[in-house]
Amino acid sequence: MGLALLMALFVAPEDADQGVSQRIFYIHVPIALTAYYCFGLGAWKALRLLWRGEERYDLESYVAIHQGTIFGALTLITGSIWAKASWGVWWTWDSNQLVLFLTLFLFYCAYFMLRFSLPEGPRRARSSAVYALFGVALIPVSFLAIRLAEDFIHPTTFTREGPQMTGTMFATFCVAWAAVTLLAYVLYRVELAGKRADRDLRELRELLS
Amino acid sequence: MSQGQYVAAAYGVVFVVVLVYVAIIAAKLVRLEREAAELVELARRRAGGNAS
């Protein structure tokens with residue numbers, strides 16, 4: 001993460017068009033991709049829960065979606081700051097990419113409302129899994145919206161011709177992406193371990209009482 | 001605000017959110033550690049009671 005910060009803030013050359021504000025790209029895009037990945041992972045775990053019926057996938061799906069929501073919130077915040085710096089506004093409803101990402105984020109926020117409105121057990125696990133699977137359909141739509149739309153408000157960096165940036169910029173982006181993915185993975189493992197320990201301790205307390 | 005300040009704000013927000021998240025997880029782990037110690041003590045007392 002330190003190397004990614006160093007490269008993003010000091011090594012990568014300044015963008016000729018956007019200037020110094022383009023450096024937000026190195027944190028905003030990896031965080032957005034990680035949010036997509038976490039939501040996708042949550043849906044994959046949900047599918048496995050429905051397919052195999054193993055209880056452990058419920059917790060894994062929940063933690064992945066929780067991570068995705070945190071990274072989703074960070075995507076919206078860093079994106080808003082970048083929008084203010086580049087476009088002069090915090091938000092615009094004219095960009096399909098922004099609206100679709102907000103829809104995806106709010107959809108997964110509602111996941112927690114559904115989950116915590118149901119009593120703990122197999123019914124809650126199955127309902128949460130089905131909801132998580134529905135949400136995954138929004139990921140490719142959100143990801144491709146910018147390419148399908150013709151608004152040209154949100155910049156397109158990765159096209160069919162490859163990344164539209166210099167080698168150093170691309171290397172910086174790759175390092176930042178790897179760092180954010182690693183951070184998300186570590187946070188996912190730690191949160192999952194905590195949730196499992198919490199569940200085991202509750203079970204043990206019930207057995208001892 | 002200058003462009004540089006916006007960049008600092010974006011990176012700062014990420015840093016603060018990750019820091020708060022880690023602090024919450026750390027607090028939770030401390031609580032779990034305390035609960036585990038309580039349960040170990042309870043189990044020991046039970047084992048001692050059964051032996052006598």
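Contact here means heavy atoms within 4.5 Å. With that in hand, here's a look around this predicted model, starting with chain A.

**The overall layout.** Take the contacts in chain A between residues at least 6 apart in sequence: 74% of them join residues at least 24 apart. Chain A has seven helices and two strands, and reading along the sequence gives you α-α-α-α-α-α-β-β-α. Of its 209 residues, buried ones make up 47%. As for the outside, chain A exposes about 10,700 Å², with carbon and sulfur atoms supplying 65% of that area.

**The core.** Which residues have the most contacts inside the largest nonpolar core? Those are A:Tyr26 and A:Tyr111, in a core of 55 residues. Chain B joins in too: its helix α1 (3-51) supplies at least two residues of this core, and so does each of α1 (2-11), α2 (25-52), α3 (56-86), α4 (96-117), α5 (122-136) and α7 of chain A. In soluble globular proteins, nonpolar side chains do tend to be buried together.

Now zoom in on A:Tyr26. Leaving aside neighbours within four places in sequence, A:Tyr26 is in contact with A:Ala8, A:Ala12, A:Met169, A:Thr172, A:Phe173, A:Ala176 and, over in the other chain, B:Tyr11.

**A buried arginine.** Helix α4 of chain A holds A:Arg115. This arginine counts as buried because its relative accessible area is 2%, and the cut-off for buried is under 20%. Its side chain makes a polar contact of 2.9 Å with the side chain of A:Asp58. A:Asp58 also turns up on the list of contacts of A:Arg115 beyond four places in sequence, along with A:Tyr62, A:Arg124 and A:Ser128.

**A nonpolar patch on the surface.** Not every nonpolar side chain is tucked away: A:Leu182, A:Tyr185, A:Val186, A:Val190 and B:Leu29 form a surface patch with about 450 Å² of accessible area together. Where does the largest share of the patch come from? Helix α7 (residues 167-208) of chain A gives four residues. A:Val186 lies in this helix, and at 43% relative accessibility A:Val186 counts as partly exposed.

Here are the two residues with a relative accessibility side by side:

| Residue | Relative accessibility | Class |
|---|---|---|
| A:Arg115 | 2% | buried |
| A:Val186 | 43% | partly exposed |

Technical notes: Residues are numbered from 1 along each chain as its sequence is written. Chains are lettered from A and ligands numbered from 1 in the order in which they are written. This is a predicted model: local features need pLDDT of at least 70, side-chain atom pairs count only at pLDDT 80 or more; totals for chains, interfaces and linings use all residues. Side-chain values use heavy atoms; hydrogens and water are left out. Patches are made of residues with over 30% relative accessible area and no salt bridge: like charges are joined within 9 Å, nonpolar side chains (Val, Leu, Ile, Met, Phe, Trp, Tyr) within 5 Å. Accessible areas come from the Shrake-Rupley method with a 1.4 Å probe; for residues, only the protein chains shown count as cover. A salt bridge is a side-chain nitrogen of Lys or Arg within 4 Å of a carboxyl oxygen of Asp or Glu. Buried means under 20% relative accessible area, exposed over 50%, partly exposed in between (1.4 Å probe, protein chains only). A nonpolar core is a set of buried Ala, Val, Leu, Ile, Met, Phe, Trp, Tyr and Cys residues joined through side-chain atoms within 4.5 Å. A polar contact is a pair of N or O atoms within 3.5 Å; within protein, one must be able to donate a hydrogen and the other to accept it, and residues adjacent in sequence count only if both atoms are side-chain atoms.
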